[in-house]
Amino acid sequence: MSFEKILVLDFGGQYNQLIARRVRDESVYAEIKSYETPLDEIKAAGYKGIIFTGGPNSVYDESSPHYTKDILDIGVPVLGICYGAQLMAWMGGGKVESCVKSEYGKIEIENTKRDSLLFKGVDEKSIVWMSHTDFISAPPEGFEITSHSADCPCASMENVGRKLYAVQFHPEVTHSQFGKQFLHNFLFEVCGCKGDWVMDDFIERTVESLREQIGDKKVVLGLSGGVDSSVAAGLLSRAVGRQLTCVFVDQGLMRKNEGDFVEETFTRLFDMNFVRVNCGAQFISKLKGITDPEQKRKTIGSEFYKVFWDEIRKQADGGFFAQGTIYPDRIESGKGDAATIKTHHNQVKMPEDITFDGVIEPLGDLFKDEVRRVGEKLGIPKELVWRQPFPGPGLGVRIIGEITEEKIKVLQEADAVFRDEIKKSGIEDQLSQFFAVLPDVQTVGVMGDHRTYDHLIAIRAVTTDDFMTADWAKIPYDILARISNRLTNEVDHVNRVVYDITSKPPGTVEWE
Ligand code: XMP
């Protein structure tokens with residue numbers, strides 16, 4: 001497969017993945033590799049350009065990540081960002097020192113070389129995002145300063161002949177007014193990229209190479225109903241049709257009708273063998289009497305894998321095992337190296353007695369937004385492609401206390417009503433995640449002339465960029481009123497509704 005590639009050489013910056021994503025937004029493939037990658041390997045890969053990332057260190061400390069300066073002379077254009085810019089200066093014999101006044105946040109820079117390719121289409125004065133305590137006090141010989149800020153004499157520099165560019169600021173973050181333009185200029189004006197990383201081609205290329213790799217063998221894929229495994233299933237089905245078997249374990253803790261929806265969607269849309277293992281009753285009996293949240297999670301997890309691997313063992317007949325691993329699952333900050341794999345639910349450890357000819361990860365090079373774009377192009381329904389996160393243990397972590405069939409039913413109904421009302425109110429797109437919780441509390445109420453003593457339902461809705469922190473969503477009162485009315489009227493055994501107004505931290509998104 002030959003397409004243009006940019007190397008994001010990772011020096012430990014927090015934005016390394018963002019840089020790669022922004023490059024790919026420009027339709028150019030970018031891959032992240034550790035600064036420990038040998039130069040020969042980099043030369044052999046035929047990159048169109050290289051980006052040095054930021055990083056938390058000082059280039060003049062010996063223990064900081066460095067790279068041989070020969071990389072600047074292999075004829076491939078380089079863009080250094082923040083620490084990467086300082087590194088370029090330092091490698092070339094320039095001077096890097098600690099700032100008298102470090103810069104953090106939105107800073108105005110002035111472009112002093114208007115014909116710089118990097119500044120094409122950028123205003124003479126513009127706002128960029130800075131975050132540094134060292135600065136380039138003297139650029140290397142042959143370099144020209146192209147912009148400065150009030151406190152930073154070299155906000156960017158370049159050596160046009162050697163195609164070396166450096167910016168002290170972060171073009172990859174949206175706070176940089178012309179951030180996208182700087183990256184675009186580097187890719188298209190400096191590196192001469194054409195932009196051949198498009199999802200239609202990706203599908204074609206991947207389907208072709210999957211066919212080649214799989215031949216006439218079989219493939220087994222664990223389907224969770226989540227975005228990644230669904231898109232992986234779509235691709236594999238397109239490549240090898242009925243040679244693919246998807247195993248879907250329905251542990252009875254999914255949302256209302258979700259198991260049926262997943263089964264119906266995949267059997268209708270794609271040519272494949274679909275195996276659904278219904279084991280709700282088995283899970284409930286295993287969970288009997290368990291109230292401790294961790295114990296519940298562990299029981300659900302271990303039971304799930306037991307059932308899952310038992311089924312895979314039955315299906316394993318040589319051939320390949322496929323999983324929905326995506327690019328961020330394979331890289332680790334500061335290492336950027338596929339060899340150091342994080343433990344992640346997308347990459348599960350297979351029992352030793354199950355053997356396959358190999359493992360296939362068709363989405364292993366994609367970021368989440370690219371996976372979604374592929375999913376849409378494959379015709380997977382919006383509800384699946386844009387599905388909000390759903391925890392592995394399912395409703396099990398949304399039922400406080402012991403899990404019973406009756407409680408699952410009440411929660412499934414309440415959750416369905418809540419989601420329906422959010423959808424009807426037109427605010428679904430403004431929320432990152434929303435769901436109902438059954439706190440296992442009964443309270444006194446009145447219905448008609450009768451006293452009731454029934455379930456309390458809590459509703460949770462959050463907004464967040466990354467789920468590490470989250471805000472509770474400010475749902476308008478009239479919508480909350482409708483939700484409350486519908487829950488108490490339409491769901492049996494619910495007589496009270498509360499809205500969870502806790503942010504994360506101190507709360508977590510899920511209740512258990
Ligand atoms: P918390 O509750 O930790 O949740 O604030 C953050 C995000 O992670 C999801 N979540 C899980 N996802 N397996 C998963 O795949 C899990 O065990 C799990 N627990 C929480 C949660 O829904 C939220 O989006």
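These legends describe close-up views of a predicted model.

**View 1. Strand S5 pairs with strand S6.** S5 covers residues 95-111, and S6 covers residues 125-138. Their pairing is antiparallel and runs over twelve bridges. Glu97 marks one position in this pairing: Phe135 of S6 stands opposite Glu97. In a regular strand, side chains alternate between the two faces of the sheet.

**View 2. Strand S5 also pairs with strand S7.** S7 spans residues 144-149. Three bridges join S5 and S7, again in the antiparallel sense. Asn111 has Ser147 in S7 as its bridge partner.

**View 3. A shell of residues surrounds the ligand.** Arg297 belongs to this shell, as do Pro389, Pro391, Gly392 and Pro393. Gln433 and Phe467 are also part of the surroundings. Lys504, Thr508, Val509 and Glu510 complete the list. By residue class, the shell holds five nonpolar, three polar and three charged members.

**View 4. Polar side-chain atoms approach ligand oxygen atoms.** Arg297 places a polar side-chain atom 2.6 Å from an oxygen atom of the ligand. For Lys504, a polar side-chain atom likewise lies 2.6 Å from a ligand oxygen atom. In the side chain of Glu510, an N or O atom is 2.5 Å from an oxygen atom of the ligand. On its own, the ligand has 500 Å² of accessible area, and the protein covers 73% of this.

Definitions and conventions
Residues are numbered from 1 along each chain as its sequence is written. This is a predicted model: local features need pLDDT of at least 70, side-chain atom pairs count only at pLDDT 80 or more; totals for chains, interfaces and linings use all residues. Side-chain values use heavy atoms; hydrogens and water are left out. Two strands pair if DSSP finds at least two bridges between them. Helices (H or I, at least four residues) and strands (E, at least two) are DSSP runs, numbered from the N terminus. A residue is near a molecule or strand if one of its heavy atoms lies within 4 Å of it. A polar contact is a pair of N or O atoms within 3.5 Å; within protein, one must be able to donate a hydrogen and the other to accept it, and residues adjacent in sequence count only if both atoms are side-chain atoms. Accessible areas come from the Shrake-Rupley method with a 1.4 Å probe; for residues, only the protein chains shown count as cover. Ala, Val, Leu, Ile, Met, Phe, Trp, Tyr, Cys and Pro count as nonpolar, Asp, Glu, Lys and Arg as charged, and the others, Gly among them, as polar.
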